Amino acid sequence: MEVRLIADPGYDANMYLVMSRTSILIDTGTGLSPEECVNALSEFIDPKDIDRIILTHRHIDHVGGAKALSEACDATLYASEDEAPSLRSADQVTTAARMFGKELDKLEVESIGYGDVIEIGTEELRVIHTPGHTKGSICLYEEGTKSLLCGDTVFAYGGVGRWDFPTGNLQELVRSVKSLTEIPVENLYPGHGPVVQGNAHKHIQASYRSIKVYTLV
Ligand SMILES: [Zn+2]
């Protein structure tokens, strides 16, 4: 399994192209420059070969490009069962679209369940429910390469996602980050900031130390 960072030139959310015998896209950026995203994907693959796009959570900077990219790739959109309804109804509040002065289109989204396994050729991505940043945030874990695509739950160098947006919850986020410290993770692919290759579990442990502080008061 190969993972490529596709940086949206118009905004700051990371997208990841996961390539194996089949290929999937994780997150879609804000959607300010879909053509440039398609061009960036084309450097690695024929975008039409991407058959699934998985959204780690409902926020506009991860789902804003979903409509244009799913059409360009002819791909099906997936989100967790707690996030999908807000995307189908284009909830402008809990997706933070309104807060960022954007307008989200209604999206046709299939639900994926917590614990589901997504097959990509010979490898599998396991869906891990990590609520806290949003209610239905997910991480995707690949056991062979010990890779975690973690959305906005944790970031490199001990960062953690915000819990003060709608549907966020500090206690849930603490539990989610703790659960990630219990998985062997070598490579971390977060929704913002740098990728970590090698010893990523140390970064997640640092995230847990930094968020745990908030629960001591
Ligand atoms: Zn987010």
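**Helix α5, helix α6 and a cavity**

Modeller: In this predicted model, helix α5 passes helix α6 in a left-handed crossing.

Colleague: Which residues of α5 and α6 make the contact?

Modeller: From α5 come Leu170, Leu173, Val174, Val177, Lys178, Leu180 and Thr181, and from α6 come Ile204, Gln205, Ser207, Tyr208 and Ile211. By class, that contact has 8 nonpolar, 3 polar and 1 charged residues.

Colleague: Why are α5 and α6 called roughly antiparallel?

Modeller: The axes of α5 (residues 170-181) and α6 (residues 200-212) cross at roughly 150 degrees and come within 9 Å. Angles over 145 degrees count as roughly antiparallel, and therefore α5 and α6 are roughly antiparallel to each other.

Colleague: Now for the empty space. How many cavities of 30 Å³ or more does a search of the whole structure find?

Modeller: The search finds 1, and the largest cavity holds about 30 Å³ of space.

Colleague: What makes that space a cavity rather than a pocket?

Modeller: A cavity is a set of points where a 1.4 Å probe fits but cannot get out, whereas a pocket is an open set.

Colleague: Which residues line the largest cavity?

Modeller: Its lining consists of Asn14, Tyr16, Ile26, Asp27, Thr56, Leu149, Cys150, Gly151, Tyr189, Pro190 and Gly191. Two or more residues each come from β2 (14-19), β10 (147-151) and β13 (187-190). Strand β10 gives the most, with 3 residues.

Colleague: How does the lining of the largest cavity divide by class?

Modeller: There are 6 nonpolar, 4 polar and 1 charged residues in that lining. Gly counts as polar here, so Gly151 and Gly191 of the lining belong to the polar class.

Technical notes: Residues numbered from 1 in each chain as written. Predicted model: local features only at pLDDT ≥ 70, side-chain atom pairs only at ≥ 80, totals over all residues. Heavy atoms only, no water. Axes fitted to C-alpha atoms, helices over the stretch in contact; angles between N-to-C directions. Helix = DSSP H or I, 4+ residues; strand = E, 2+ residues; numbered from the N terminus. Parallel < 35°, antiparallel > 145°, perpendicular 65-115°, else oblique. Left-handed = near helix turned anticlockwise from the far one by under 90°. Contact = heavy atoms within 4.5 Å. 1 Å grid on protein atoms, 1.4 Å probe; cavity = no way out; pocket = protein on both sides within 12 Å on 5 of 7 lines; lining within 4 Å. Points joined across faces, edges and corners; volume = space filled by probe spheres on them.
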